[in-house]
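Dear colleague,

I am passing on the structure below, together with notes on what was found in it. Please read the notes with the structure open beside them.

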Amino acid sequence: MYSIDDLLHVVHSDGADALRLEVGQPPVIVLDGEDQQIEGPPITIENAARLLQDITDTRQRRDLRQHGNVEFIYRFRRCASFVVRATIRDENVLIDIH
């Protein structure tokens with residue numbers, strides 16, 4: 001299972017433009033406009049739920065359930081801020097972090 005700290009550390013240290021997480025697919029970082037799949041297993045529904053739990057508060061999770069999407073700023077280790085967009089489509093969770 002992936003941890004949000006490990007994934008965001010890769011994004012921050014590699015200077016990536018974005019991180020894309022989708023259930024059923026391995027994580028993807030966008031580096032210089034190119035998608036680069038991170039080696040590893042696909043993200044499971046349970047892993048996606050845990051990743052979201054780690055970066056959202058109660059209100060954000062409620063908004064995601066009620067509206068099917070949420071957008072917010074996540075501050076990572078006091079060294080970077082990311083815009084997070086989470087969407088639920090057809091029971092599939094998509095998370096874009098820029």
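Which residue of strand 6 does Ile88 stand opposite? The residue is Val93, and the pairing around it is described further down.

First, the basis of these notes. The model is a predicted one, in which local features need pLDDT of at least 70 and side-chain atom pairs count only at pLDDT 80 or more, whereas totals for chains, interfaces and linings use all residues. Residues are numbered from 1 along each chain as its sequence is written, and side-chain values use heavy atoms, with hydrogens and water left out. The mean pLDDT (the predictor's confidence in each residue, from 0 to 100) is 93 for the protein, and 100% of the residues reach 70 or more. Among the elements, strand 1 has the highest mean, 96, and helix 1 the lowest, 90.

The secondary structure comes to three helices and six strands, where helices (H or I, at least four residues) and strands (E, at least two) are DSSP runs numbered from the N terminus. From that terminus on, the elements follow the pattern α-β-β-β-α-α-β-β-β. For 98 residues a compact globule would have a radius of gyration near 13 Å, and the protein agrees with its 13 Å; this radius is taken over C-alpha atoms, and the globule rule is 2.2 Å times the number of residues to the power 0.38.

The six strands form an open sheet in the order 3-2-1-6-5-4, with antiparallel pairing; two strands count as paired if DSSP finds at least two bridges between them. Strand 3 (34–37) and strand 4 stand at the edges with a single partner strand each, so one side of each has no neighbour in the sheet. From one strand to the next the twist averages 20°, with axes being lines fitted to C-alpha atoms (for helices over the stretch in contact) and angles running from 0 to 180 degrees between N-to-C directions.

Strand 4 and strand 5 run antiparallel and are joined by eight bridges; Glu71 has Arg85 of strand 5 as its bridge partner, and Tyr74 has Phe82. Their hairpin has three residues between the strands, and Arg77 takes a positive phi near 45° there. Strand 5 also pairs with strand 6, in the antiparallel sense over six bridges, and in that hairpin, with two residues between the strands, Asp90 takes a positive phi near 50°.

As for the helices, helix 3 lies across strand 4 and strand 5 and runs at about 155° to strand 4. Asp63 lies in helix 3 (residues 58–67) and counts as buried at 17% relative accessibility, buried meaning under 20% relative accessible area, exposed over 50%, and partly exposed in between (1.4 Å probe, protein chains only). Leaving aside neighbours within four places in sequence, Asp63 is in contact (heavy atoms within 4.5 Å) with Gly68, Asn69 and Val70.

Finally, the largest nonpolar core has 29 residues, and those with the most contacts inside it are Leu8, Leu19, Ile95 and Ile97; such a core is a set of buried Ala, Val, Leu, Ile, Met, Phe, Trp, Tyr and Cys residues joined through side-chain atoms within 4.5 Å. Elements that give two or more residues to this core include helix 1 (4–14), helix 2 (45–55) and strand 6 (92–97). Outside its neighbours within four places in sequence, Ile95 has contacts that include Leu19, Ala48, Leu52 and Val84.

With best regards
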